[in-house]
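Let's take a walk through a protein fold, looking at how some helices pack and where a pocket opens. Keep the picture in view as you read.

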Amino acid sequence: MKIIKLNSAALKHLPGEVIVPAYDRSEIKTGIIHFGPGAFHRAHQAYYTDKILQKDGMKGWGICDVGLLHSDKKIINTLKDQDGLYTLLTAEHDGSLKARITGSIVGYIFAPENPGAVTDKIAGPDTRLITLTITEGGYNFDSNTGDFRMNEPLIQWDLSHPDEPRTVFGYLTWGLKLRKDKGIQGLTIQSCDNIQKNGNLLKKMLLEFVREAEPALEDWICEHVTFPNSMVDRITPRTTQTDIDRLKSVYGIEDKWPVVCEPFIQWITEDKYSNGRPEWESVGVKFVNDVAPYEKMKIRLLNAGHSLLGFTGALYGYTYIHETVHDQLFAALLRKFMDTEVTPVLDEVPDIDLDKYKDSLIERFGNHNIRDQVARICLQSSAKIPKFLIPTIRDQLSAGGPVMISALITAAWCRFAEGIDEPGKRYEVEDDMKDILIEKAFLSRRDNLAFLRIESIFGDLINSEPFTEAYTFSLNSIYSKGIAETVRIILKNTK
Ligand code: CS2
């Protein structure tokens, strides 16, 4: 098979079954700036946008990707080399793959090398929407108090270096100031991260920074910029060399950074766009007045369910999420967690049958073809657990309800942070807070509550006796009997 290197010139030579952009990319303008060019963005928003660009009147909605972190340099260079093109490989449940060359990313900036290009772009008249996937940890707030962490070194840097910011808050502030000074209309800033009320949170964090950095801008932002809340969903594992090789051998495409994802996709968002938006509803995006019940459902069932499978699977020695959920024991734990601890504290979710939704999650987690890594799920848990799981625990505690399985997940996380699984294999704990997590995890062997005392994660949870009791029980059981036996005991002892 002839191997074709992916770029614009290659498009007409690709095999017929590969979907390619059916629009003239040279006519597309960048109406959207996106911060965080990771795999999820490329499987989700960039995919929806690729579909929209096929429609009439949508030429103004191409995407310019911005990489802020040094680790983003590789993806920005790859996009540059491939004229912004990449392959989206949908991994179907039957083991087959579908390939789509996605064309919606038509601009790319590596911010550390060209900070002025980013602020100019924010202030450019073509730009009408800024979107973000900067991960749950990127919003720079204290999980315990909810306040913006003004003393973070990078934030302090941004405050004193307006010409070369390093965080999204610096870029947005100086870019919006330029926009205001040039007299250009406001725009929309939309978070696409897994945080409940992600738009409200983003606004709050940005305004706290603005008040310190450029107080006169606050009123303009409040008047001219909107921050819709949204729920985003598509399971997107990390790309591996095997994926790159598979694309080459199945389709003859040489793509340095394809993205693999599941077939399912969902985006539910508030329709609060101050300077227009693509007609995403025509490609399946759902616009609603109140997104809160959907976000709550997704984050607390899917994302926390993922964490349950991640920690238990990692300790047991599994590599993939599908292996863990194909194990009846862990699948039963997941279902019981969803039914007895999460569902009772969810709100009514319009048009959604929760039983069917939970069935569909188990089926999605079980897709062996996406090969979603347990390691991916467990990384950065210090930013995830406070959003995915702790709110459920708090709601259950106030209602006097059950927290046994939530406590087990937390205990499994503590044991996971030791960096070695039960069969004895070592792994890396990938987390910005890994030093303290690892230290407290080992300390927990003699002082059982040490991990729970990390206040910036758990707040005052340590003061809840029902929780600490359940937690201590699980932790000691994991130490002495292992994760599988602990799960069995808990399944037997919970209603
Ligand atoms: C996962 C999410 O990072 C995680 O822990 O739960 O990335 C999840 O796959 C996505 O939110 C699915 O939409």
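Before we start, here's one idea you'll need: a helix axis is a line fitted to C-alpha atoms over the stretch in contact, and angles between axes run from 0 to 180 degrees, taken between N-to-C directions. Also keep in mind that what you're looking at is a predicted model.

Now find helix α12, residues 328–342, and follow its axis to where it comes within 9 Å of the axis of α17; the two cross at roughly 130°. How should we describe that arrangement? Angles over 145 degrees count as roughly antiparallel and 65 to 115 as roughly perpendicular, and α12 and α17 are therefore oblique to each other. On the α12 side, the residues that touch are Leu333, Lys336, Phe337, Thr340 and Glu341, and they meet Met404, Ile405, Ser406, Leu408 and Ile409 of α17. Sort this contact by class and you get 6 nonpolar, 2 polar and 2 charged residues.

Stay with α17, which covers residues 404–416, because it also packs against helix α21, residues 483–493, at an angle of about 170° and with the axes 11 Å apart. That is over the 145 degree cut-off, so α17 and α21 are roughly antiparallel to each other. Here Met404, Ile405, Leu408 and Ala412 from α17 meet Ile483, Thr486, Val487 and Ile490 from α21. Which classes do these residues belong to? The contact of α17 with α21 has 7 nonpolar residues, 1 polar one and no charged ones. Notice that Met404, Ile405 and Leu408 turn up here and in the contact with α12 too.

Next, jump back along the chain to helix α4, residues 115–122, and helix α6, residues 168–181: their axes come within 7 Å and cross at roughly 50°. That angle makes α4 oblique to α6, and the crossing is right-handed. From α4, the contact uses Pro115, Val118, Thr119, Asp120 and Ile122, while α6 brings Tyr171, Leu172, Trp174, Gly175, Leu176, Leu178 and Arg179. By class, that's 8 nonpolar, 2 polar and 2 charged residues.

Finally, let's look at some empty space. The second largest pocket has a volume of about 430 Å³. It is lined by 17 residues, and those closest to its centre are Phe141, Ser143, Pro386, Lys387 and Pro391. Helices α15 (381–388), α16 (390–398) and α19 (455–458) each give two or more residues to this lining, with the largest share, 3 residues, coming from α16. The lining divides into 9 nonpolar, 5 polar and 3 charged residues.

How values were computed:
Residues numbered from 1 in each chain as written. Predicted model: local features only at pLDDT ≥ 70, side-chain atom pairs only at ≥ 80, totals over all residues. Heavy atoms only, no water. Helix = DSSP H or I, 4+ residues; strand = E, 2+ residues; numbered from the N terminus. Parallel < 35°, antiparallel > 145°, perpendicular 65-115°, else oblique. Left-handed = near helix turned anticlockwise from the far one by under 90°. Contact = heavy atoms within 4.5 Å. Nonpolar A, V, L, I, M, F, W, Y, C, P; charged D, E, K, R; others polar. 1 Å grid on protein atoms, 1.4 Å probe; cavity = no way out; pocket = protein on both sides within 12 Å on 5 of 7 lines; lining within 4 Å. Points joined across faces, edges and corners; volume = space filled by probe spheres on them.
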